[in-house]
Amino acid sequence: MRRLTLTLLLSCFILGSYAQREHFDPEQFENRLTQYVIEAANLTQQEANVFITIHKEMHDKQLVLFKRIRQYQHSTENNPKKCKQIVQEIDKLDIQLKQLQQVYHNKLLNKLPAEKVFLALKAEAQFHRKSFKKAARRR
């Protein structure tokens, strides 16, 4: 009887701790990223509003390209001709991503001081590095 009770309690504890694991929430992630960037770049409220608007617009367009790249990367194609086309298409999408970044970075530079844009981009990269390290530790 003790063994059964102990096993049951242990199972409940393990299941309870598993249920408490964090699940990824994209909205919450985006909010934390925005807050981190605003603080790190020391943006005023007006600058923050400009940054958030432009950054959100860029991120939405990037997401479309990231999803297309992911679709190609999950392909199970064996035909050499098709594989070559997939590689070339992924390369084109990567170039589009960089061009998109350049367009939106220029928009930011036209609306905000260059130092703040630089600090914001640096803070964004730092936030992503920290987030990935934290996620890797959890696994």
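Here is a short conversation about ring pairs and salt bridges in this predicted model.

Me: Why is the pair formed by Phe 29 and Phe 127 called tilted?
Reply: The ring centres of Phe 29 and Phe 127 are 5.3 Å apart, and centres within 6.5 Å make a pair. The planes stand at 55 degrees, while stacked needs under 30 degrees and edge-to-face over 60, so the pair is tilted.

Me: Where in the chain do these two rings sit?
Reply: Phe 29 belongs to helix α2 (residues 26-40) and Phe 127 to helix α5 (residues 114-138). They are 98 residues apart, so this pair links distant parts of the chain.

Me: What makes Tyr 36 and Phe 127 a tilted pair too?
Reply: Here the centres are 5.5 Å apart, and the limit for pairing is 6.5 Å. An angle of 45 degrees between the planes is neither under 30 nor over 60, so tilted is again the right word. Tyr 36 is in helix α2 and Phe 127 in helix α5, 91 residues apart. Together, ring pairs join Phe 29, Tyr 36 and Phe 127 into a cluster.

Me: How do you know whether Phe 127 and Tyr 36 are buried or partly exposed?
Reply: Phe 127 has a relative accessible area of 9%, and under 20% means buried, so Phe 127 is buried. Tyr 36 comes to 22%, which lies between the 20% and 50% cut-offs, so Tyr 36 counts as partly exposed.

Me: Why do Asp 60 and Lys 56 count as a salt bridge?
Reply: Their side chains meet with N to O at 3.2 Å, and the rule asks for a Lys or Arg nitrogen within 4 Å of an Asp or Glu carboxyl oxygen, so the contact qualifies. Both residues lie in helix α3 (residues 45-73), four residues apart, about one turn of the helix.

Me: What makes Asp 60 and Lys 56 partly exposed?
Reply: Asp 60 has 36% relative accessibility and Lys 56 has 44%. Partly exposed covers the range between 20% and 50%, so Asp 60 fits, and so does Lys 56.

Me: How do you know that Lys 107 and Glu 57 tie together separate parts of the chain?
Reply: Lys 107 is in helix α4 (residues 80-111) and Glu 57 in helix α3, so their salt bridge connects parts that are 50 residues apart in sequence. The N to O distance is 3.5 Å, and the limit is 4 Å.

Technical notes. Residues are numbered from 1 along each chain as its sequence is written. This is a predicted model: local features need pLDDT of at least 70, side-chain atom pairs count only at pLDDT 80 or more; totals for chains, interfaces and linings use all residues. Side-chain values use heavy atoms; hydrogens and water are left out. Rings of Phe, Tyr and Trp (its six-membered ring) pair if their centres lie within 6.5 Å; planes under 30 degrees apart count as stacked, over 60 as edge-to-face and the rest as tilted. Buried means under 20% relative accessible area, exposed over 50%, partly exposed in between (1.4 Å probe, protein chains only).
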